[in-house]
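Dear colleague,

I am passing on the structure we spoke about, with the sequence alongside. Please have it open while you read the notes that follow.

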Amino acid sequence: MAKLFEYTWIDADQKDWWESAFKANMRGYFTSHFFHLQIAKVLQQKLPLNGKFLEYGCGAGDLLTCLSNCKQLKLYGCADEPSQVEITKQRLQNQSNFVTAEVISDDFFNQYAHAFDIIDLTHIWCNVPPAVEQEWLTKILSLLAPSGYLCINDCTSFSLPQRDTLCPHCGAFFAHAPNANFLNIKKVSNILGSLGVKRIFSRPITMRLDYQSFKSYVLVTIWNRLFFKHRKQDHFMWIGQKA
């Protein structure tokens with residue numbers, strides 16, 4: 001059985017897609033960038049942005065790029081797939097506050113134990129099977145410094161559109177499968193609270209989906225805010241501080 005943070009490819013086509021996704025799926029890229037700009041804006045409003053910042057599951061390093069103007073931050077990324085690490089390095093190589101991106105491994109957890117002042121998990125937790133949830137979160141929190149901040153940006157089980165392009169780490173969404181893990185603000189607060197992370201901010205948000213026009217996104221956002229008071233919005237942002 002593979003270790004928790006190792007992935008053995010079982011579908012070569014899936015691997016080929018993932019490695020080419022950031023070159024070919026430009027609409028998806030702009031959707032991701034729009035979402036990461038929202039995250040960066042809230043982080044700048046809610047947290048003291050200084051010290052070491054880790055984007056866990058950095059993908060193409062888009063959130064790090066959105067935060068590259070925060071010169072008091074030292075930016076780090078990590079990912080399961082080496083190609084994503086290389087894309088992040090290339091993309092941020094000219095940013096003076098970018099330190100490195102690395103492949104997730106046991107050595108990574110040993111090297112950076114209690115090292116990071118802020119860790120971001122965007123669309124990562126929902127792919128973690130509930131059976132290993134506590135173990136996985138404990139490993140993530142081992143990277144967080146005392147009094148450090150954990151930022152969760154994730155979705156409920158019905159939020160993502162039906163498509164053949166999702167996380168190769170666990171294959172949770174591949175071939176139109178539902179989320180591996182149902183999440184909401186209350187659940188995240190309860191689980192992380194039991195692990196010593198206290199919620200300091202949370203809110204539901206609307207994510208602009210692939211192929212959705214900006215006009216449509218604005219109309220959906222206004223509709224939700226006016227009539228549903230965020231209750232029907234299917235993404236959320238959560239920030240907590242480690243005790």
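In these notes, helices are DSSP runs of H or I with at least four residues and strands are runs of E with at least two, both numbered from the N terminus. Counted in this way, the protein chain has eight helices and seven strands; please bear in mind that this is a predicted model.

As for the chain overall, 47% of its 243 residues count as buried, and its accessible surface comes to about 12,100 Å², with 55% of that belonging to carbon and sulfur atoms. When contacts between residues at least 6 apart in sequence are considered, 75% of them join residues that are at least 24 apart.

The aromatic residues deserve a closer look, since the structure holds seven aromatic pairs. One of these is formed by Tyr-76 and Phe-116, which meet edge-to-face, with 5.2 Å from centre to centre and 75 degrees between the planes. Tyr-76 belongs to strand β2 (residues 73-79) and Phe-116 to strand β4 (residues 116-122), so this pair ties together parts of the chain that are 40 residues apart in sequence. Both Tyr-76 and Phe-116 are buried.

These two residues also belong to one aromatic cluster, which is formed by Tyr-56, Tyr-76, Phe-108, Phe-109, Tyr-112, Phe-116 and Trp-136. Within that list, Phe-109 has a charged neighbour as well, for the charged end of Lys-139 sits over the ring of Phe-109, 4.5 Å from the centre of that ring.

With best wishes

Key. Residues numbered from 1 in each chain as written. Predicted model: local features only at pLDDT ≥ 70, side-chain atom pairs only at ≥ 80, totals over all residues. Heavy atoms only, no water. Buried < 20%, exposed > 50% of the residue type's maximum accessible area, 1.4 Å probe, protein only. Contact = heavy atoms within 4.5 Å. Areas by Shrake-Rupley, 256 points an atom, 1.4 Å probe, with all protein chains shown as cover. Phe/Tyr/Trp six-rings, centres within 6.5 Å; stacked < 30°, edge-to-face > 60°. Lys NZ or Arg CZ within 6 Å of the ring centre and 35° of its normal.
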